[in-house]
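Colleague: I am new to this structure and would enjoy a close look at a single part of it. Could you pick a spot and walk me through its surroundings?

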Amino acid sequence: MRALISLALLLCSAWAAAVIETYEFSSPALEARYHALSQELRCPKCQNQNIADSNAPISQDLRRQLYQQLEAGASDEEILEYMVARYGEFVRYRPQMAGPTLILWAAPVLLLLVGVAIAVVVLRTRRGAGEQLSEAERKQLAELLERESDA
Amino acid sequence: MAPRLKLFLPLILFAALALLLFRGLSLDPQELPSALVDKPFPAFSLPSLAGGEDLDRDLFSGEVSLVNVWATWCISCRVEHPYLQKLADAGVRIIGVNYKDDPEAARRWLAELGDPYRANIVDGAGNLGVDLGVYGAPETYLVDAEGVIRYRHVGVVDERVWTRTLAPLYREVGGTAAASEWGAAPGGGP
């Protein structure tokens, strides 16, 4: 039984090591930044995973780059710039608020404004309809009523 | 708005939506635009698969090249290999990037299947791949005579991709190989 448990544990550990490599950081602050950045960078191959979750070879490479640059003293901005220069804005889960990605950020507000504008116009015309008659219509109505009372 | 036109509004909206969705059917969400288009090929100094001196960016000066990222573990690379050979036979200069591969296996592959490459850059660790923004082999870059990347194609290069997309661009940047005429005239092609 004991042998079985240790065997099971051994298998688990081997599997865990195969999934994600571990890096030794010179300071806990670097490690925290590594975790934050690897959550924020998107795997270019798998597209809906960040590089922390993905085990695609490209994610392993990007994690290695991330580790090396952190240890070399690069700032978060420098690292993100480095990644964007190679893989485009796509690689960030929170693209910068400038240039072609501006429309991504502006679209919800713009759509809301368009919706409000449409609603205002529709409500206005609906309320306005039937309340006011034009001069010609008023005349026509008067004639009709007259004919009715004559009959 | 005229009341007549208002009646057609739902139809117009539907048609617009249908058009958008139809376009979506033929888009590949896996295909990312390269961030390196119109930028110079990244600097590198890596060994050549054939041995001898290390290769660097000077490889691209003076002649239009296709740069093909490949590996023996990449199944699609085997699929596109015969077409690359055809292009090379028609005079297109193809430079290989042997990406995260075993050089021994790569040399065997070239000996067995033929070698369409004018030279092969050995990128064992994948660092050049990262600099290029490679996210999976095969990828093919069009590099002009000044060493500037002009286009990136992700996936297999076949007759369709060459005649429709790559050949016109290849001509545009001054490529002169016989293959540049493929697809230029109606009914043309290899």
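Modeller: Happily! Let us start at N98(B), whose place is opposite V122(B) in β5(B). A word on how to read this: residues are numbered from 1 along each chain as its sequence is written, while chains are lettered from A and ligands numbered from 1 in the order in which they are written. The model is predicted, with local features needing pLDDT of at least 70 and side-chain atom pairs counting only at pLDDT 80 or more, whereas totals for chains, interfaces and linings use all residues.

Now to the strands around our spot. Strand β4 of chain B, residues 94-99, runs parallel to β5(B), and 5 bridges join the two. Strands here are DSSP runs of E with at least two residues, helices are H or I runs of at least four, and both are numbered from the N terminus; two strands pair if DSSP finds at least two bridges between them.

Stepping back, chain B has an open sheet of 5 strands with mixed pairing, in the order β5-β4-β3-β6-β7. Its edges are β5 (119-123) and β7 (149-154) of chain B, each pairing on one side only. From one strand to the next, the twist averages 20°, with axes fitted as lines to C-alpha atoms (for helices, over the stretch in contact) and angles between N-to-C directions running from 0 to 180 degrees.

Finally, chain B also meets its partner: 12 residues from chain A and 10 residues from chain B make up the contact, counted where C-beta atoms, placed from the backbone, lie within 7 Å. On the chain A side, the elements giving two or more residues are α3 (57-71) and α4 (76-87).

Technical notes:
Contact = placed C-beta atoms within 7 Å.
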